[in-house]
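Here are some exercises to work through with the model open beside you. Try each task before reading its solution.

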Amino acid sequence: MTGKILVSACLMGHAVRYDGRSKPLVHPAIDRWREEGLLVTICPEMSAGMAVPRPPAEIAGGATGEDVLAGTARVMEITGGDVTAEFRQAAENALALATETGCRYALLIDGSPSCGSGLIYDGTFSGGRQSGRGVTAALLQQAGIEVYSDREIDRLVERLAATDTTIIAK
Ligand code: SF4
């Protein structure tokens, strides 16, 4: 049996982003996976008690989620608040849920300091982006969970089709 897929709540249409919005991902695989009971939805930041809306936050100094987990970088709000502890807790909550529910894959929205897996903002709050993972994506990856960004959903479809004949790419 294939593993389940941990998925960013904002991709599933939940209005949990810092700006109070969602960013729904429309793809036939999403409906199919939902019907098959494969999706496990979480907003890591909300699970750590962060409010909606909340100030935008970025990993400071051009660092990455791995640096935050290693204790060598901070996550800062645009207003100057240090939310490093919340972001680490958010990542731990996501990993705990993934482990409890048997998720072997994660489908996370790119760009976020939590969920980004290919791109994150560069810490200057100027819109600049760089390669790198957010804190949750980094922790999941370190734990052996395969992390895909929303832009890579077709690759996840192919991965599941190749892994388990009960999941058929349509
Ligand atoms: Fe979406 Fe992840 Fe940010 Fe929550 S933490 S709003 S799921 S990108």
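A residue counts as near a molecule when its C-beta atom, placed from the backbone, lies within 6 Å of it. This is a predicted model, in which local features need pLDDT of at least 70, side-chain atom pairs count only at pLDDT 80 or more, and totals for chains, interfaces and linings use all residues. Residues are numbered from 1 along each chain as its sequence is written.

**Exercise 1.** List the residues around the ligand and sort them into nonpolar, polar and charged.

*Solution.* Start with the list: S8, A9, C10, V16, R17, C43, P44, E45, I109, S112, S114 and C115 surround the ligand. Next, apply the classes: Ala, Val, Leu, Ile, Met, Phe, Trp, Tyr, Cys and Pro are nonpolar, Asp, Glu, Lys and Arg are charged, and the others, Gly among them, are polar. The shell then divides into 7 nonpolar, 3 polar and 2 charged residues.

**Exercise 2.** Find what is unusual in the backbone at P53 and at F125.

*Solution.* Recall first that most residues other than glycine have a negative phi, and most peptide bonds are trans. The bond joining V52 and P53 is cis, with omega about -10 degrees. P53 sits in the loop between helix 2 (44-47) and strand 3 (57-59); helices (H or I, at least four residues) and strands (E, at least two) are DSSP runs, numbered from the N terminus. F125 is not a glycine, yet has a positive phi of about 55 degrees. Its loop runs between strand 6 (119-121) and strand 7 (129-131). Because F125 has 13 C-beta neighbours inside 10 Å, it is partly exposed (buried means 20 or more other C-beta atoms within 10 Å of its own, exposed 12 or fewer, partly exposed in between, with C-beta atoms placed from the backbone).

**Exercise 3.** Describe helix 4 and how it meets helix 5.

*Solution.* Take the buried residues of helix 4: E86, F87, A90, A91, N93, A94, L95 and A98. Just after helix 4, G102 has a positive phi of about 75 degrees. Now turn to the pair: the axes of helix 4 and helix 5 (residues 135-142) come within 8 Å and cross at roughly 40 degrees. Axes here are lines fitted to C-alpha atoms, for helices over the stretch in contact, and angles run from 0 to 180 degrees between N-to-C directions.

**Exercise 4.** Where does L160 lie, and is L160 buried or exposed?

*Solution.* L160 belongs to helix 6 (residues 153-163). With 21 C-beta neighbours inside 10 Å, L160 is buried. Finally, compare sequence and space: L160 and G3 are 157 residues apart in sequence, and their C-alpha atoms are 8.9 Å apart.

How values were computed. Expected span 1.5 Å × (residues − 1).
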